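Here is a short report for a reader who is meeting this structure for the first time. Keep the model open and follow along, one topic at a time.

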Amino acid sequence: MKKIIFLILKIIFITNVLLIAICFEYMIIRMSILFLMYSFIFCLILKKWRDYLVVDIYNTDKKYNIIYADPPWRYTGWRSGPRSVERHYPTMKVAEIINMKDTIKSITDENCVLFLWVTFPCLIEGLKVMKEWGFKYKTCGFTWVKRNKVADTWFFGLGAWTRANAELCLIGTKGRIPRVSNKVSQVVDTHIEQHSKKPAIVRDRIIELVGPLPRIELFARHTVDGWDCWGNEV
């Protein structure tokens, strides 16, 4: 329902913009001003809708059963140069991510599942973060095997040793979160998009796996219908 409302608002906004352009073309000043006012109102509505999805995790009473996180891991050996991820976005030290533990614990329900993205160089650090955040490691939930942007061939990064491809999304739990579907595949075989952006299908698989429980995406890049989110890019 939220998705439909959001789509309708976007259609109305685009329609108003087109009508304004037409009105100015034919010098219909009053109608132009009227449609401009409508467009301004709808911009405010869209902003309020976005604010509804974006949560300040440091100032909220909300509790979640699903935490989906993609921390901006810092690679100490690649802090500069063309391979540095900091050319794309600010990174965090492992200690800084761990220090979020009190906040993470405050927003998690007593029964909660964590889906945590890690790369192989940060695998041990990822397991440490998971433990400090109050979750017990269970398994690898998803393995993303990447294909190139414009071809179906495999993508290969430079890697630390061998030419790298896959990324992992680990599962950790606290309390009891039952699996509601046994048909969810671990393998995610999709094309890469912008740097470090994870496949959208993973969110759908999470819901299929454990159900449409209260959920939030941490370190998010944009809002997604049905998900609360937090991050410096939303």
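## Helix α6

The buried residues of α6 pack against six named strands: β1, β2, β3, β4, β5 (187–191) and β6. This is a predicted model.

Which residues of α6 are buried? In this helix, which spans residues 201–210, they are Val202, Arg203, Arg205, Ile206, Leu209 and Val210. Looking down the axis of α6, these buried residues fall within an arc of 160°, so they line one face of the helix. Just after α6 comes glycine 211, with a positive phi of about 95°.

## The chain as a whole

The chain has six helices and seven strands. Read from the N terminus, the elements follow the order α-α-β-α-α-β-α-β-β-β-α-β-β.

The chain holds 234 residues, and 42% of them are buried. How much of the contact in the chain comes from residues 24 or more positions apart? Among contacts with a separation of 6 or more, such pairs account for 72%.

## Helix α5

Helix α5 covers residues 123–132. Its buried residues are Gly126, Val129 and Met130. Seen down the axis of α5, they fall within an arc of 100°, so they line one face of the helix. The other side of α5 has exposed residues: Ile124, Lys128 and Lys131.

What covers the buried residues of α5? The cover includes helix α3 and the strands β2 (108–118), β3 and β4. Just after α5, glycine 134 takes a positive phi of about 100°.

## Two threonines in loops

Threonine 91 sits in the loop between β1 (64–69) and α3 (94–98). Is threonine 91 buried or exposed? Its relative accessibility is 8%, so threonine 91 counts as buried. Its side chain makes a polar contact with the side chain of arginine 74, at 2.9 Å.

Threonine 119 belongs to another loop, the one between β2 and α5. Threonine 119 has a relative accessible area of 13%; buried means under 20%, so threonine 119 is buried. Leaving out residues up to four places away in sequence, threonine 119 touches Tyr75 and Glu167.

## Phenylalanine 155

Phenylalanine 155 lies in the loop between β3 (136–147) and β4 (167–174). At 23% relative accessibility, phenylalanine 155 counts as partly exposed. Why not buried? Buried means under 20%, and phenylalanine 155 is at 23%, so it counts as partly exposed.

Asparagine 165 is 10 residues from phenylalanine 155 along the chain. The C-alpha atoms of these two residues are separated by 6.2 Å. Asn165 is also one of the residues that phenylalanine 155 touches. The others are Lys146, Arg147, Asn148, Ala164 and Ile192, not counting residues up to four places away in sequence.

## Phenylalanine 219 and a pocket

Phenylalanine 219 is placed in the loop between β6 (215–218) and β7 (228–230). Phenylalanine 219 is not a glycine, yet it has a positive phi of about 60°. With a relative accessibility of 14%, phenylalanine 219 counts as buried.

Phe219 also helps line the second largest pocket. That pocket has a volume of about 240 Å³. It is lined by 14 residues. Which of them lie nearest its centre? They are Pro72, Pro90, Phe219, Asn232 and Glu233. By class, the lining of this pocket has eight nonpolar, three polar and three charged residues.

## The cavity

Rolling a probe the size of a water molecule over the atoms shows where empty space is left. How many cavities of 30 Å³ or more are there? The count comes to one.

The largest cavity holds about 130 Å³ of space. It is lined by 13 residues, and the closest to its centre are Asp70, Lys198, Arg203, Glu217 and Arg221. By class, the lining of the largest cavity has five nonpolar, two polar and six charged residues. Arg203 links this cavity to an earlier topic: it is among the buried residues of α6.

Key. Residues are numbered from 1 along each chain as its sequence is written. This is a predicted model: local features need pLDDT of at least 70, side-chain atom pairs count only at pLDDT 80 or more; totals for chains, interfaces and linings use all residues. Side-chain values use heavy atoms; hydrogens and water are left out. Helices (H or I, at least four residues) and strands (E, at least two) are DSSP runs, numbered from the N terminus. Buried means under 20% relative accessible area, exposed over 50%, partly exposed in between (1.4 Å probe, protein chains only). A polar contact is a pair of N or O atoms within 3.5 Å; within protein, one must be able to donate a hydrogen and the other to accept it, and residues adjacent in sequence count only if both atoms are side-chain atoms. Contact means heavy atoms within 4.5 Å. On a 1 Å grid over the protein atoms alone, a cavity is a set of points where a 1.4 Å probe fits but cannot get out, and a pocket is an open set with protein on both sides within 12 Å along at least five of seven lines; lining residues have an atom within 4 Å of a point. Grid points are joined across faces, edges and corners, and a volume is the space filled by probe spheres set on the points. Ala, Val, Leu, Ile, Met, Phe, Trp, Tyr, Cys and Pro count as nonpolar, Asp, Glu, Lys and Arg as charged, and the others, Gly among them, as polar. The arc is that of the directions from the helix axis to the C-beta atoms.
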